[in-house]
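Work through the exercises below with the sequence and the coordinates at hand. Each task is followed by a worked solution.

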Amino acid sequence: MKRIARPYAKAVLAVAGSLERATAVRDELGAFATAFASALGPFFANPAVPLLAKRSALDKVTERLGLAPLTRRLLQALLSRHRLGRLDEVVAGLTDELNRRQGIAVAELTTAEPLEDDERGELQRVLEAKIGKKLQLREQVDPDLLAGFVARVDSQLFDGSLRGQLDRLARELAEA
């Protein structure tokens, strides 16, 4: 987790009182971050706009969006500390901390072709049994794998791809 995001993530979890409420704050921040990046970012990043005007604008936007008071206070804190431009990092840090507290690991899964739902479910069950944690899959497709999959969970790599098998076979033949 980024150095900037960790204190905000821990503060939200401490103040929220429950993982459910912290998750709701994270979801609201994520939705706000999408709008912020596309429409509001340049306004809040402009050093010529006074901080008081930025605070007022942020209050109006968050009120109109119906954001929870905790989410609104966090956004105001980020604004006053000139961290609103790093909102994506804070959302990612909060997600990481929530996952850690819930015993969830993220698996970066690369497959040669898109998986069917039943294939995805079976692969997730096998990986969860090996890791000993519930997994959240982040999928991408890379046809260069030829067939199979590669999964990275933290520092562990599971290579069940045809490309990986061919590379291992080539190394073994070169050593023989």
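Helices here are DSSP runs of H or I with at least four residues, numbered from the N terminus. The model is predicted.

**Exercise 1.** Locate Gln124 and state what its side chain reaches.

Solution.
1. Gln124 lies in helix α6, residues 117-131.
2. Its side chain reaches the backbone oxygen of Leu135 at 2.7 Å.
3. With neighbours within four places in sequence set aside, Gln124 is in contact with Leu135 and Leu137.

**Exercise 2.** Describe the sheet and place α6 against it.

Solution.
1. The sheet is open, with 4 strands in the order β2-β1-β3-β4 and mixed pairing.
2. β2 (134-141) and β4 (156-159) are the edge strands, each pairing on one side only.
3. Direction ignored, neighbouring strands are turned by 20° against each other on average.
4. β1 (residues 104-111) pairs with β2 in the parallel sense over 8 bridges; Val106 has Gln136 in β2 as its bridge partner.
5. α6 packs on this sheet and touches β1, β2, β3 (149-153) and β4. The direction of α6 makes about 130° with that of β2.

**Exercise 3.** Classify the relative orientation of α2 and α5, and characterise their contact.

Solution.
1. The axes of α2 (residues 19-45) and α5 (residues 87-101) come within 10 Å and cross at roughly 155°.
2. Angles over 145 degrees count as roughly antiparallel, so α2 and α5 are roughly antiparallel to each other.
3. The crossing of α2 past α5 is left-handed.
4. Residues of α2 in the contact include Leu19, Arg26 and Phe32; those of α5 include Asp88, Val91 and Arg101.
5. The contact residues divide into 9 nonpolar, 3 polar and 3 charged.

Key
Residues are numbered from 1 along each chain as its sequence is written. This is a predicted model: local features need pLDDT of at least 70, side-chain atom pairs count only at pLDDT 80 or more; totals for chains, interfaces and linings use all residues. Side-chain values use heavy atoms; hydrogens and water are left out. Axes are lines fitted to C-alpha atoms, for helices over the stretch in contact, and angles run from 0 to 180 degrees between N-to-C directions. Helices (H or I, at least four residues) and strands (E, at least two) are DSSP runs, numbered from the N terminus. Angles under 35 degrees count as roughly parallel, over 145 as roughly antiparallel, 65 to 115 as roughly perpendicular and the rest as oblique. A crossing is left-handed if the near helix is turned anticlockwise from the far one by less than a right angle, and right-handed if clockwise. Contact means heavy atoms within 4.5 Å. Ala, Val, Leu, Ile, Met, Phe, Trp, Tyr, Cys and Pro count as nonpolar, Asp, Glu, Lys and Arg as charged, and the others, Gly among them, as polar. A polar contact is a pair of N or O atoms within 3.5 Å; within protein, one must be able to donate a hydrogen and the other to accept it, and residues adjacent in sequence count only if both atoms are side-chain atoms. Two strands pair if DSSP finds at least two bridges between them.
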